[in-house]
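Me: I have a structure to go through with you, and I'd love to talk over a few details. Could you take a look?

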Amino acid sequence: GLKHRREVAGKSAIFSGEHFVLEETDWYLLNLFRLWWHYGISFLRLQMWVEEVMEKFMRIYKYQAHGYAFSSLEELLRSLGGDTFVNMTQRSVAESLLEVGVTQRFVDDVIAAVLRSSYGQSVLVPAFAGAMLLAGAQGSTWAVEGGNKLVCSGLLKLTKANVIPARVTGISLHSSEGRALYQVHYEGSEGQGSAFYDMVVVTTPLHPSRSNFTFENFEPPIPNFPGAFQPSVTSVVHGYLNSSYFGFPDPKLFPFASILTTDTPDLFFNAMDNICPVNISAAFRRKQPQEAAVWRVLSQQPLDKQQLKTLFRSYYSVQVTEWQAYPRYDAAKSLPPIVLHENLFYLSGVEWVASSMEMIAVAAKNVALLAYNRWHQDLEKIDQKDLMHKVKTEL
């Protein structure tokens with residue numbers, strides 16, 4: 001019942017702090033010519049690299065359709081792309097792209113801008129996370145009419161799950177007839193409570209800065225995992241853009257709806273874009289550049305008044321949301337486990353491979369299949385080698 005959100009046309013550009021290093025036009029062939037003129041065939045080499053990674057990654061859907069699961073993130077990656085995929089979580093996207101012939105200038109201008117606008121980080125993020133992000137940045141992605149949150153609420157409704165609106169405070173281990181039993185403690189509007197479960201999936205990050213519940217009676221103890229999260233500040237501003245800051249004294253001539261930025265020390269924002277409602281009518285049109293519009297500004301720190309005045313001639317309102325958006329990929333070099341205990345599983349560790357809705361969905365299905373196969377002792381469906389051959393044989 002979900003509808004595809006209608007696209008609203010709008011051009012993008014990459015800003016260096018002094019001038020635009022790349023500008024999109026209304027003509028596809030002219031855009032390609034500009035890319036070639038500035039960066040040679042780097043954009044083709046990038047596309048070939050991303051397509052090769054994605055072609056192998058898409059194997060996971062065949063594996064999961066046949067019920068196969070993996071007990072660790074390393075095994076999952078190895079089944080898709082061998083040791084190459086595992087190594088891509090340990091080396092930077094810049095290093096991998098330079099190796100396949102992408103120029104340093106293209107990395108500094110384009111790749112850095114895309115990573116800053118999404119992960120808020122540099123080209124030193126791991127190659128696998130970078131590849132997944134760059135694949136999504138090339139278009140053909142979906143947004144849901146009414147907001148992407150409807151994907152989650154719709155799936156929850158379809159499962160007919162019994163949802164307890166409470167905050168989990170801890171998990172303690174017990175046993176029943178030789179089988180592990182997990183007591184989940186929670187705190188809600190009606191006070192404290194608990195319930196026993198045969199299986200538990202932990203979906204909150206288990207890192208010192210984020211984990212706010214405890215594990216009891218586990219031996220050895222379940223640790224917090226090393227790592228930190230990248231702060232991201234989203235400022236939604238209703239106002240008049242200061243086009244002069246971007247080199248357009250006449251606001252009527254400003255042509256861009258989205259501005260990305262290079263990794264320049266003096267730049268105080270990562271990206272900004274003219275945003276549209278979650279419900280877009282057929283008659284909806286973007287505001288003219290000289291009119292007051294709603295802009296989303298992404299930054300690593302809250303914008304002060306001077307910075308807001310730099311970006312906007314004047315504004316009516318500013319709404320600020322600060323959150324721990326993505327893993328800080330330079331903060332940990334090892335991948336968290338999936339299995340914490342016999343039937344206690346960890347979902348959010350996949351964010352340290354790559355952080356996106358699709359990766360979380362893949363990881364969630366993997367945990368569901370893994371839990372099912374372990375419960376029924378169907379070990380032939382767990383961590384199998386040469387799965388492409390097995391799947392072809394089953395077909």
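Me: Which residue of β7 is the bridge partner of Ile171?

Reply: Happy to help, and do keep in mind that this is a predicted model. Strand β3 covers residues 166-176, and 3 bridges join β3 to β7, with the two strands running parallel. In β7, the residue bridged to Ile171 is Phe215.

Me: Thanks! Which strands stand at the edges of the sheet, and why is one side of each left without a neighbour?

Reply: The sheet is open and mixed in its pairing, with 4 strands in the order β5-β4-β3-β7. Two of these strands have a single partner each, so one side of each lacks a neighbour in the sheet. Those edge strands are β5 (191-197) and β7 (214-216).

Me: By how many degrees are neighbouring strands of this sheet turned against each other on average?

Reply: Good one to ask while we have the order β5-β4-β3-β7 in view. With direction ignored, the average turn between neighbouring strands is 20°.

Me: Now for helix α6: where does α6 bend?

Reply: Helix α6 spans residues 104-118, and its 15 residues reach 20 Å from the first C-alpha to the last, close to the expected 21 Å. There is still a bend of about 30° in α6, and the residue where it sits is Ala112.

Me: And how many of the residues of α6 are buried?

Reply: The helix is mostly covered. Among the buried residues are Phe106, Val110, Leu115 and Arg116, and the bend residue Ala112 is buried too. Out of 15 residues in α6, the buried count is 11.

Me: Lastly, which residue just after α6 takes a positive phi?

Reply: Helix α6 covers residues 104-118. Just after α6, a phi of about 65° belongs to Gly120.

Methods
Residues are numbered from 1 along each chain as its sequence is written. This is a predicted model: local features need pLDDT of at least 70, side-chain atom pairs count only at pLDDT 80 or more; totals for chains, interfaces and linings use all residues. Side-chain values use heavy atoms; hydrogens and water are left out. Two strands pair if DSSP finds at least two bridges between them. Axes are lines fitted to C-alpha atoms, for helices over the stretch in contact, and angles run from 0 to 180 degrees between N-to-C directions. The expected span of a helix is 1.5 Å times one less than its number of residues. The bend at a residue is the angle between axes fitted to the seven residues ending there and the seven starting there. Buried means under 20% relative accessible area, exposed over 50%, partly exposed in between (1.4 Å probe, protein chains only).
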